[in-house]
Each structure stands twice: as C-alpha cells, then as structure tokens.
Amino acid sequence: MISIEELDQKAQQIIRQAGQNAYQKMENDYQVDTKTNYTDLVTTIDRENEQLINDQLRKIDPDSQILSEEGFGDQQISNMQGHVWIVDPIDGTMNFVKQHNNFAVMLALYVDGQPTLGYILDVINNRLYHGRKGAGVYANNQKISQPADLGLRESLLAMNRILTLSGDSALKKIAQDAIGLRMYGSAGIEMIGVITGQLGGYISNLKPWDLAAGRMLAEELGLVVKSIDGSSINVLSSNLVLVATRQVSRDIRQIIN
Ligand code: 2AM
Ligand code: CA
C-alpha cells in the first residue's frame, strides 16, 4: 500500500494541476450556474477540477472514500473508517467569478477519522499551504510557525455574512470586541489568515469540504478548531465552527457562556 509520505507528494501535484486549470480559464473560459439560490454559484471549472482531482485520487488510493462538493465523489459516506479524502474543487466560487481573486482549492485526507494531510492552494498567489500530521505546516517550501497567542481585543476576526447579519447578540459582542472585522468570502482564504496569524479567529457555518483541510493545518499549528460553544466538531456534518488562537477561543467562550 502507498505510504502517507507518497500520498502527500502526489496530492501536492494533483492540487497544483487543479489550480493551474482554474488560473488558465478564469478570465472567460467557463460557464456559471446557480445551485440552491442566486447567491450559490457553481462553474464548469468547479466540476472539471473535482473530476480531475477525484480521478487521480482513485488511481493513487483506490480503496479510499471521496467526499466532494459537486457530486463526483462517493454518494454516501456514513463513517470515517480507513482513508477518506475531502475535496473542495473551488472554495469561494463567487470570488472566482466576480474578483478573479480570493479563492482556493482544498483537499484533505482523514485516516480513521484523524486529520492526516491538508492542503489549501491560494491560486492567485500561487501559494500552497500544506501539512502532514506530526510534520508541520508549510507555505510552499517555507515552514510556518505557530501564530502568537493573541486575545480577541488584539486580533482581527473574520465572520461570514449570514452570521454577521444574523443579529445574534453574542456574535455582535464578539465582533465588537475584536480589533477589527473582516469578511473574505472564502473559508480557505480565511483559514490561511488564521494559520499565518493575520487573523486571530474565523467563525462560520462550514460544510465538510469547507472545513477539512483548514482544520488539519490549524490543529497541527496548535490552534483551536471547535464548535462555537466549545464542543468537538464532526467533520461529516455542517458545523458552526471557530478556528482561533487559544486566547481568542477563551475570550469568545466567556462572551457566549
Ligand atoms: P464555496 O465557495 O465552496 O461554496 C463564503 O460564502 C464561504 O462559505 C465560501 O467558503 C463558501 O464555499 C462557503 N459557503 C457558501 N455557502 C455555504 C453554505 N450554504 N453552507 C456552508 N458553506 C457555504
Ligand atoms: Ca466549493
């Protein structure tokens, strides 16, 4: 059976290919459809990337399960036994279409439920954030050190639009206490912010493919990845997730409790 180290090398090549596909075609070489409503976009590049990634994963790791956003993965994943790859072929599709910037390709491998490999490719900056459990996190070839453990009042915080507009009083207090509030529209780009220390925290409703890679990288760096109420997260179900420094997590817990 192929080793985790070999899978790591192959996965880096695969995600780079998907990034190149998106970069080459982003000016005009794609079509856009809506999914659940007019704000929920999917493009032909999302689908092409997912097929490209899943086809290659099936070749290198044939006994694995694949959980992916656009329907080319396994239809039913009810358990995390063995190898489970989690794929977001374009994260921040709205930004891809409207900005040609601030979008990512994301990939993760969980082994028996444990986050083991994680990748967030910031396509426009050509920077691949990648990590292997126990071996650290890198931006391309440069090792990333654990971000400073700043508190909420010293940190920028990112929160998604739905939560920001929800009117929830605890979320409002959290946003007011932070030194500033940011909203990038891509879970991948926002999680890069937290793992590089540019953001002290990120709060959002995340699906498995929005969360899987960033969770792996953040936990490897000693950051907190929890449900907002402090409980453990289940990567297979939708979660209201906080990715943050330990101190930001404690500050938020105090506001919520
Ligand atoms: P996507 O582009 O892969 O769909 C901002 O909208 C961020 O939240 C993006 O990372 C986006 O991922 C994700 N997102 C959008 N709609 C969502 C939804 N209904 N549930 C969970 N995540 C969502
Ligand atoms: Ca997506």
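**Exercise 1. The contact of H6 with H7**

Ala187, Met191 and Ile195 of H6 meet Asp210, Leu211, Gly214, Arg215, Leu217 and Ala218 of H7. The model is predicted. Find how the axes of H6 and H7 are oriented, and sort the contact residues by class.

*Solution.*
1. Take the two helices: H6 covers residues 187-195 and H7 covers residues 208-220.
2. Two packed helices are described by the angle between their axes and the distance between the axes.
3. Here the axes come within 10 Å and cross at roughly 10°.
4. Angles under 35 degrees count as roughly parallel. H6 and H7 are therefore roughly parallel to each other.
5. By class, the contact holds six nonpolar, one polar and two charged residues. Gly counts as polar in this scheme.

**Exercise 2. The contact of H1 with H2**

Work out the orientation and handedness of H1 and H2, then list the residues that meet.

*Solution.*
1. H1 spans residues 4-25, and H2 spans residues 44-60.
2. Their axes come within 10 Å and cross at roughly 160°.
3. The cut-off for roughly antiparallel is over 145 degrees. H1 and H2 are therefore roughly antiparallel to each other.
4. The crossing of H1 past H2 is right-handed.
5. From H1, the contact uses Leu7, Lys10, Ile14, Gln17, Ala18, Asn21, Ala22 and Lys25. From H2, it uses Ile45, Glu48, Asn49, Leu52, Ile53, Gln56, Leu57 and Ile60.
6. These residues divide into nine nonpolar, four polar and three charged.

**Exercise 3. The contact of H5 with H8**

Decide which orientation class fits H5 and H8.

*Solution.*
1. H5 is residues 169-177, and H8 is residues 246-256.
2. The axes come within 9 Å and cross at roughly 140°. That makes H5 oblique to H8.
3. H5 passes H8 in a right-handed crossing.
4. H5 contributes Ala170, Lys173, Ile174 and Asp177, while H8 contributes Ile252, Ile255 and Ile256.
5. The classes are five nonpolar, no polar and two charged.

**Exercise 4. Isoleucine 90**

Is isoleucine 90 buried or exposed, and what does it touch?

*Solution.*
1. Place the residue: isoleucine 90 is in strand E4, residues 83-91.
2. Its relative accessibility is 2%. Buried means under 20%, so isoleucine 90 counts as buried.
3. Set aside neighbours within four places in sequence. Isoleucine 90 then contacts Thr43, Ile45, Asp46, Asn49, Glu69, Phe96, Phe103 and Ala104.
4. Check the record: an unreviewed UniProt entry places a "binding site" feature at Ile90.

**Exercise 5. Three more residues**

Place threonine 44, glutamine 99 and serine 249, and give the accessibility of each.

*Solution.*
1. Threonine 44 lies in helix H2. With a relative accessible area of 22%, threonine 44 is partly exposed.
2. Not counting neighbours within four places in sequence, threonine 44 contacts Tyr30 and Gln31.
3. Threonine 44 and aspartate 61 are 17 residues apart in sequence. Their C-alpha atoms are 25 Å apart in space.
4. Glutamine 99 sits in the loop between helix H3 (93-98) and strand E5 (104-111). At 43% relative accessibility, glutamine 99 counts as partly exposed.
5. Glutamine 99 and glutamate 27 are 72 residues apart along the chain, yet 9.9 Å separates their C-alpha atoms.
6. Serine 249 lies in helix H8. Serine 249 is buried, with a relative accessible area of 3%.
7. Beyond residues up to four places away in sequence, serine 249 touches Val224, Leu242 and Ala244.

Note on methods:
Residues numbered from 1 in each chain as written. Chains lettered and ligands numbered in written order. Predicted model: local features only at pLDDT ≥ 70, side-chain atom pairs only at ≥ 80, totals over all residues. Heavy atoms only, no water. UniProt positions renumbered as here; feature names shortened; annotations may be inferred. Helix = DSSP H or I, 4+ residues; strand = E, 2+ residues; numbered from the N terminus. Buried < 20%, exposed > 50% of the residue type's maximum accessible area, 1.4 Å probe, protein only. Contact = heavy atoms within 4.5 Å. Axes fitted to C-alpha atoms, helices over the stretch in contact; angles between N-to-C directions. Parallel < 35°, antiparallel > 145°, perpendicular 65-115°, else oblique. Left-handed = near helix turned anticlockwise from the far one by under 90°.
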